[in-house]
Amino acid sequence: MTRRIRFNAFDMNCVAHQSPGLWRHPDDRSHRYKELGYWTDLAILLEQGRFDGIFIADVLGTYDVYGGNDLAALRQGAQIPVADPLLLVSAMAAVTEHLGFGITTGTGFEHPYPFARRLSTLDHLTRGRICWNVVTGYLPSAARNFGADDQLDHDDRYDQADEYLEVLYKLWEGSWEDDAVVRDAASGVYVDPAKVHHIGHSGKHYTVPGVHLSEPSPQRTPVIYQAGASPRGVRFAAENAEAIFVAAPSKRVLAQTVSRIRDALRAAGRDPYAARIYALATIITDATDEAARRKHEEYLSYASVEGGLVFMSGWMGIDLSRYDLDAPIGAVQSNAIQSAVAAFQEFDDDGREWTVRDIGRWAGIGGIGPVFVGSGETVSDRLQEWVADTDVDGFNLAYAITPGTFEDIVRHVVPVLTERGAYAAQYTPGTLRNALFEKGDRLPEEHRGARYRLGGPGSTALPDAVSRPGATAPVS
């Protein structure tokens, strides 16, 4: 049986997302990120290509590790300026019916109580097509701008995120009963107070005694996405994630990462395929292999090695400006993205050790994922090979230029994969969770969040255990 391949579009509300320097290409339109028309046109295109969703990254700081300042990041437009991703969703949802929306926000910079309402609102407005990419933060500049000297230590950030998710699960799953909204005009009761429950949370980081402000949305809990590949990140993902984003420079490294995640899911008491795993990749394609190679060479002429090193310095937590460009990356430790460090400590598929210059060049187009170049047939061959050899479910596709890269994929790759039976010929109706797993709209029973569901098996939600401060009889 041919295995299905899934696509997400990987984008960001900025100019130089994963391909620094390519904003200079005459066909790139990323400077239109400030216009709703850019995002609505892109959403329509992606739905025509039957992408699972658009996955929108975000940062709340500048990439100032390279050179010890943010001058190079500003010069390169390297994810600065950057705008809020959540505000894009309503417009894109209005022009689509099936496309999912993966939104990135950090657990370290906003209290979970207002955030819970914002995600519920978007889940209502999209009719259940929201996915939340949980990030714990990695840029020290973000921590400083929120009044801290630096990020918490790597594993401590995940400990905080564990409680953040606990609060959200209690609000989303354990506060409102399904039939709490009665809208009974005869009695004058809109919500039955007996069916809305205070969550009574008191923990190390958060105290949230009250009720969720929103009535239950189609998914209640949005699809949980997570991108950590460190040992602590994998454990967090195994307990919470339903979609997992990974990045690796080779098939061998990707296969090892996917295997670790499947094992961790099993250890967490879940099916090893209870989370869809998407690998970062960039596709440069055209009608023929030769045309695609020419396009790739043209794109490379615009790519910025400095911009690539700005990104890699931020992702790895290492100032790469202090290294000779031809020096091997060597053994390093980092409080940033440890998975990036681990990937480049590996030898690549040709058996050579990576240098600093190699890293800058590699990150010049598409970040630290592979770049597949060729006709629709050639690229489809490579994608199917990677899926077969690594057990990955699909790809988070970065762009070289936008929307041109996505237009090329829809035009040249999607039809080939569809004809081969390796790509969905039509969308599965319903919410994003149902589209991904075809098992309904709600969290499955074995998911950590289901423990907080009212009346569910193993539920920790006790609706009558928390008294209502100041409760009085209704006035007739």
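## Salt bridges, a strand trio and a binding site

The side chains of D391 and R262 meet in a salt bridge, with N and O 3.2 Å apart. A salt bridge here means a side-chain nitrogen of Lys or Arg within 4 Å of a carboxyl oxygen of Asp or Glu. This pair links distant parts of the chain: D391 sits in the loop between α13 (376–390) and β13 (394–398), R262 in helix α8 (residues 251–267), and their positions lie 129 residues apart in sequence. Helices (H or I, at least four residues) and strands (E, at least two) are DSSP runs, numbered from the N terminus. R262 counts as buried, at 4% relative accessibility. For that label, buried is under 20% relative accessible area, exposed is over 50%, and partly exposed is in between (1.4 Å probe, protein chains only).

A quick word on the ground rules: this is a predicted model, where local features need pLDDT of at least 70, side-chain atom pairs count only at pLDDT 80 or more, and totals for chains, interfaces and linings use all residues. Residues are numbered from 1 along each chain as its sequence is written, and side-chain values use heavy atoms, with hydrogens and water left out.

Back to the charges. The count comes to 31 salt bridges. Here are two more of them:

| Pair | Closest N to O | Relative accessibility |
|---|---|---|
| E177 and K195 | 3.7 Å | E177 24%, K195 22% |
| D381 and R420 | 2.8 Å | D381 41%, R420 28% |

D381 is in helix α13 and R420 in the loop between α14 (404–419) and α15 (432–437), so their bridge ties together parts 39 residues apart in sequence. Then there's a bigger tangle: salt bridges that share partners join E173, D178, R220, R442, E445 and R453 into one network.

Now for some strands. Strand β4 (residues 130–135) is mostly covered, with five of its six residues buried. Strand β3 (residues 100–106) runs parallel to β4, and six bridges join the two; strands are taken as paired if DSSP finds at least two bridges between them. I103 stands opposite W132 in β4. To get from β3 to β4, the chain passes through helix α4 (residues 112–125), and this β-α-β crossover is right-handed. In other words, with the strands pointing away from the viewer, the path from the first strand over the helix to the second runs clockwise. Strand β9 (residues 223–226) also runs parallel to β4, joined to it by four bridges. There, N133 has Y225 in β9 as its bridge partner.

What does UniProt mark at D58, T104, H154, Y158 and S230? The unreviewed entry lists these positions under the feature "binding site". UniProt positions follow the numbering used here, feature names are shortened, and annotations may be inferred rather than shown by experiment. D58 is found in the loop between β2 (53–57) and α2 (71–76), and D58 is partly exposed at 22% relative accessible area. Leaving out residues up to four places away in sequence, D58 touches M12, V82, A83, P85 and T104, where contact means heavy atoms within 4.5 Å.

How far to trust all this? The mean pLDDT of the chain is 89, and 87% of its residues reach 70 or more; pLDDT is the predictor's confidence in each residue, from 0 to 100. Residues 462–467 stay under 50, with six contacts beyond four places in sequence. Residues 470–476 are also below 50, and this stretch has zero contacts beyond near neighbours in sequence.
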